[in-house]
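Please look over the sequence and the structure shown here before reading on. The report that follows goes from the chain as a whole to single residues.

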Amino acid sequence: MVRRPVAWATAIVLFVEAIGIALLNWFLGVVVDRQDMSLAGLDPDMMSVSSKVGGLVFGLYFAACALTALLVALHDRAPRVLGRVLLISAAVVHGLLGAFTVGLVGWGAFAFMMVVLGLIVFTLLAYDRRAAAGPADAVPEDGKDGDNGGGAPVAAPPAPSAS
């Protein structure tokens, strides 16, 4: 089946993205620190530290999402509640980032964000618990659902008596 390799790909992409986001924000913090300029009276040291801390927090968030996707791929089962919440929030974040990157960076970044969004959504939908369990009122494959056609359950034959 294709769902396990997609979960692996999702985990790898999210790990790479976590590292990339953390490094990018760290680099931006270093640039702000070296320019020693203020923006509307803000302290440059505070902006530098904020960028670095924000990058680390955002990188850890994506790493937690990647870890969730990795556990899904390893165990080949749906994520638990916290894992689902993490992956759903990552999908929402990628949708929003995709919308913002069209105007700021370009269509290539938008395409990347939509690919990651698709991987996350596919991972969530492929391991949907309700689809895996089947409907609650499903009829067994032999066509017999345990009744005699009149709606009343069939009684078991009486046990033989040992006299």
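The sections below cover the overall fold, a charged pair, a buried acidic residue, a threonine and a nonpolar patch.

## Overall fold

The model is predicted. The protein chain contains 5 helices and 0 strands, and its elements run α-α-α-α-α along the sequence.

Of its 163 residues, 28% count as buried. Among contacts in the protein chain with a separation of 6 or more, 67% are between residues 24 or more positions apart. The chain exposes about 10800 Å², and carbon and sulfur atoms supply 71% of that area.

## The salt bridge

Side chains of opposite charge can pair when their charged atoms come close. A search of the whole structure finds 1 salt bridge. The partners are D76 and R3, with their closest N and O atoms 3.5 Å apart. This pair links distant parts of the chain: R3 belongs to helix α1 (residues 3–35), while D76 sits in the loop between α2 (44–75) and α3 (81–104), and 73 residues separate them.

D76 also stands out in its backbone, with a positive phi of about 55° although it is not a glycine. Is D76 buried, partly exposed or exposed? D76 counts as partly exposed because its relative accessibility is 29%, and buried would require under 20%.

## A buried acid without a partner

E17 lies in helix α1. Unlike D76, which pairs with R3, E17 has no salt bridge although it is buried. The nearest side chain of opposite charge is R84, which is 19 Å away.

What does E17 touch, leaving aside neighbours within four places in sequence? Its contacts are F62, H94, F112, M113 and V116.

## T101 in helix α3

T101 lies in helix α3. With a relative accessibility of 13%, T101 counts as buried, since the limit for that class is under 20%. The side chain of T101 reaches the backbone oxygen of G98 at 3.1 Å.

Not counting residues up to four places away in sequence, T101 touches G106, A109, F110 and M113. M113 is also among the residues in contact with E17. The C-alpha atoms of T101 and F112 are separated by 9.9 Å, and the two residues are 11 apart along the chain.

## A nonpolar surface patch

Which residues make the nonpolar surface patch of about 650 Å²? They are I88, V92, L96, F100, L104 and V105. Two of these members, I88 and V92, are found in helix α3.

I88 counts as partly exposed because its relative accessibility is 43%. V92 is likewise partly exposed, with a relative accessible area of 48%. Both values are over 30%, the cut-off for residues that make up a patch. V92 also has a C-alpha to C-alpha distance of 8.1 Å to L117, with their positions 25 residues apart in sequence.

## Summary

The chain has 5 helices and 1 salt bridge, formed by D76 and R3. E17 is buried without a salt bridge, T101 is buried, and I88 and V92 belong to the nonpolar patch.

Technical notes
Residues numbered from 1 in each chain as written. Predicted model: local features only at pLDDT ≥ 70, side-chain atom pairs only at ≥ 80, totals over all residues. Heavy atoms only, no water. Salt bridge = Lys/Arg side-chain N within 4 Å of Asp/Glu carboxyl O. Helix = DSSP H or I, 4+ residues; strand = E, 2+ residues; numbered from the N terminus. Buried < 20%, exposed > 50% of the residue type's maximum accessible area, 1.4 Å probe, protein only. Patch = residues over 30% accessible without salt bridge, like charges linked within 9 Å, V, L, I, M, F, W, Y side chains within 5 Å. Areas by Shrake-Rupley, 256 points an atom, 1.4 Å probe, with all protein chains shown as cover. Lys, Arg positive; Asp, Glu negative; His and termini not counted. Contact = heavy atoms within 4.5 Å. Polar contact = N/O pair within 3.5 Å; in protein donor to acceptor, adjacent residues only side chain to side chain.
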